[in-house]
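Here are my notes on the model, set out as numbered points. Please read them with the sequence and the coordinates open beside you.

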Amino acid sequence: MATIAHTVLSVGPGPRGPSRPEPTATTSGESTIDEDAQEKDESVVVFAIGGNALSSGASSAEEIAANAALVARQIVALRHAGQKVLVVHGNGPQVGALALAQEAVAPDVPPQPLDVLGAMTQGQLGYVLMNAVGEALRAEGRDDGVSALVTRVVVDRDDPGFANPTKPIGPFFPEGRARRLAAARGWNVAEDSGRGWRRVVPSPMPNEVIEWSQVAELLAHNGVVIACGGGGIPVTRNDDGLASVEAVIDKDATAALVADLIGARTLLLLTGVDHVLLDFGTERERPVGQMDSAEADRHLADGQFPPGSMGPKVQAAIDFVRTPGRTAIITSLERGPAALAGQAGTRISA
């Protein structure tokens, strides 16, 4: 057994390029990670799924559970392929719906800040996914361990994302109602990929995953781990330690960061389409089967992938594959296992 301190990762020279640090001690204590188990965990696939796959934000508990069961089937398919799975889920619809619900009962029940709502949705969706994955595994006669971990992620208090809100949360509205809500409640709103208008909030880049060594420890002893939900609970560092901050971190960016930390070779970014599309919504629209990071970077700079939609996924893929030997795949939930086998999706490599 090797002793590894609870560590945090600081992003390397570029503002977006994650780098894996040597473990260093912090005041949070120490945990131990089995080196043999950790070596086997090179087969971990980081499975990043959007909050929209679980609910629209206005879904009942039964609807969320049914959607989680569909997600769980794909996770179990990866387990059958011999992969351990780290699930990083989004929470945009859920955190926005929870904020609306809190506003509806204020001032009788004081509304909680956005970071606390993010923590609430981590617990909610982690619980639902644990149940769904556990049931799906038992139905297949498997006794794999499934765990969920509340996870904090450090962001820079001076991140430009605070001045330019881009992260959609909550339900979709017609433009007129969205603008009226924005005026009444002080929201920022924006159109979201042709599907309607939504509230948008700050989405700073993740710099450190505080509980990353606990994630690695859980993966050493479990087939499926759920962590960094909603991109992680956002906090900043100051002279006194950690401070809460209101934001919703992009889950794809955090997925790339934690994938780097645990030594994963594959990042599976799941969305509503089977492939990345160039010239989306035009007569020239076409799918991309494979591209290298330089090509992806050029398309991103040319505005092919808008922020709040495909842009964060492509950026996360570019960040992840900066280290040779890694692959990022962007595809739909249903095509995830096939994409992992090289039969579907858009593959991005160095």
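1. Helices here are DSSP runs of H or I with at least four residues, strands are runs of E with at least two, and both are numbered from the N terminus. Counted in this way, the protein chain has 10 helices and 19 strands. Please keep in mind throughout that this is a predicted model.

2. On the chain as a whole, 53% of the 350 residues count as buried, and the exposed surface comes to about 15,300 Å², of which carbon and sulfur atoms supply 49%. Among contacts with a separation of 6 or more, 74% are between residues that stand 24 or more positions apart.

3. In soluble globular proteins, nonpolar side chains tend to be buried together. In this model the largest nonpolar core has 44 residues, and those that touch the most other members are Val46, Leu86, Val209, Ile262, Leu267, Phe305 and Val314. Helix H7, residues 251-262, gives the most to this core, with 7 residues. Another core, of 31 residues, lies apart from it and includes Ile49, Leu78, Val146 and Ile226. To return to Val314, its contacts beyond four places in sequence are with Ala296, Leu300, Phe305 and Ile330.

4. Which residues of H5 are buried, and which are exposed? Ala178, Leu181 and Ala182 are buried, and because they cover an arc of only 100° around the axis, they sit on the same side of H5. Arg180, Ala183 and Ala184, on the other side of H5, are exposed. An α-helix has 3.6 residues a turn, so residues three or four places apart point the same way. The cover over the buried residues of H5 includes S7, S8 and strand S9 (197-201). After H5 comes Gly186, with a positive phi near 75°.

5. The structure holds 1 aromatic pair, formed by Phe173 and Trp187, whose ring centres are 6.4 Å apart and whose planes make an angle of 40°, so that the pair counts as tilted, neither under 30 degrees nor over 60. Phe173 belongs to strand S7 (residues 167-173), whereas Trp187 is in the loop between helix H5 (175-185) and strand S8 (188-191), so the pair ties together parts 14 residues apart in sequence. Both Phe173 and Trp187 are buried.

6. A separate point concerns Phe172, since Arg198 lies over the face of its ring, at 4.6 Å from the ring centre. Arg198 is also one of the residues that Asn188 touches, the others being Pro165, Arg199 and Val200, when residues up to four places away in sequence are not counted. Asn188 lies in strand S8 and, at 42% relative accessibility, counts as partly exposed. Between Asn188 and Val200, which are 12 residues apart in sequence, the C-alpha to C-alpha distance is 5.5 Å.

7. Is Ser244 buried or exposed? Ser244, found in strand S13 (residues 241-244), counts as exposed because its relative accessibility is 55%, and the cut-off for that class is over 50%. Leaving aside neighbours within four places in sequence, Ser244 is in contact with Asp115 and Pro234. Val116 is 128 residues away from Ser244 in sequence, yet the two are 8.6 Å apart in space, C-alpha to C-alpha.

How values were computed
Residues are numbered from 1 along each chain as its sequence is written. This is a predicted model: local features need pLDDT of at least 70, side-chain atom pairs count only at pLDDT 80 or more; totals for chains, interfaces and linings use all residues. Side-chain values use heavy atoms; hydrogens and water are left out. Rings of Phe, Tyr and Trp (its six-membered ring) pair if their centres lie within 6.5 Å; planes under 30 degrees apart count as stacked, over 60 as edge-to-face and the rest as tilted. Buried means under 20% relative accessible area, exposed over 50%, partly exposed in between (1.4 Å probe, protein chains only). A charge sits over a ring if NZ of Lys or CZ of Arg is within 6 Å of the ring centre and within 35 degrees of the ring normal. Contact means heavy atoms within 4.5 Å. Accessible areas come from the Shrake-Rupley method with a 1.4 Å probe; for residues, only the protein chains shown count as cover. A nonpolar core is a set of buried Ala, Val, Leu, Ile, Met, Phe, Trp, Tyr and Cys residues joined through side-chain atoms within 4.5 Å. The arc is that of the directions from the helix axis to the C-beta atoms.
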